Amino acid sequence: MSSHTLTEVAAPGDPRDAEPPRIVPRRRFGQWTAAGLVLVLLGLAVNSVARNEAFRWDVVGDYFTSAAVLRGLGLTLWLTALVMALGFALGALLAAGRLSANPVLRGVSWGYVWLFRSMPILVQLLFWFNIGALYPTLFGVRTVNLLGPVTVAIIGLTLHEAAYAAEVVRGGILSVDRGQVEAAQALGLSRWRRWWRIVLPQAMRSIVPPAGNMLIGTLKGTSIVSVIAVQDLLYSVQLVYHRTYQVIPLLMVATVWYVVVTSVLSVGQYYVERHYGRGSELAR
């Protein structure tokens, strides 16, 4: 028996001869209208700031790189770096205490985090600034001579940041799957190597984003030390405008510097997150 291949010939006008339907994207008039309105409002705001003579951009340019402002900026950066380093060092110890099997360490660490997260940072700074009223002398030295404004700022900000850093580190450690630790134990790795080679690299994926936000928050939060006469960036511009009465231009000097530094830190945070997020779909 011979087989034959039959080819079906469509009759003229058959619907199968027609081209497939063309997909037309949905027109989103509402979204484009809202986007246009936002751009118009943004343009009006930028134009208002640029053309408003009260901002005195010439004065901003004159003082932007002045010696007093740069000294204040240097102190702000130094204070931010020192507080973050000390805060995360103490926070790591507190996180270890929270995760400890010892109930005393867990209780003390929890109490510290609860107390210092409950107190406003301004209250803490004012408390340490007036600690001499409670303890006139410490280690045989008058407290007022032992704790100057900069030392008080370091103590107050560090204790405050440590409470938040402890929760960031604890959350990062808890994000690591328990099976990873058990696998490392099965391979005979020591406790130190398990933490350093297995737990910490994976925990950093969860630690880095909030830590970056804390760094930027600490940079801006250092401006509060101006209330105890620490000559940071904000206090430095205040000294200038108390003399020149150019309040708005000098505040713009401080604002622009904060924007510049936080932008640089944000770029650095992006690359650090990408480094620790290698292999993750969200990091691509």
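Me: How are residues sorted by class, and what does the lining of the largest pocket have?

Reply: Ala, Val, Leu, Ile, Met, Phe, Trp, Tyr, Cys and Pro count as nonpolar, Asp, Glu, Lys and Arg as charged, and the others, Gly among them, as polar; set against this, the lining of the largest pocket has 18 nonpolar, two polar and four charged residues. This is a predicted model, in which local features need pLDDT of at least 70 and side-chain atom pairs count only at pLDDT 80 or more, while totals for chains, interfaces and linings use all residues. Residues are numbered from 1 along each chain as its sequence is written, and side-chain values use heavy atoms, with hydrogens and water left out.

Me: Why is S226 called buried?

Reply: S226 has a relative accessible area of 11%, and buried means under 20% (exposed is over 50%, partly exposed in between, with a 1.4 Å probe and protein chains only), so S226 is called buried.

Me: What does S226 touch?

Reply: Contact means heavy atoms within 4.5 Å, and, not counting residues up to four places away in sequence, S226 touches D232, L234, Y235 and Q238.

Me: Why is M252 called buried, and which residues does M252 touch?

Reply: The relative accessible area of M252 is 17%, which falls under the 20% limit, so M252 counts as buried. Not counting residues up to four places away in sequence, M252 touches F55, W57 and V60. M252 and G111 are 141 residues apart in sequence and 41 Å apart in space, C-alpha to C-alpha.
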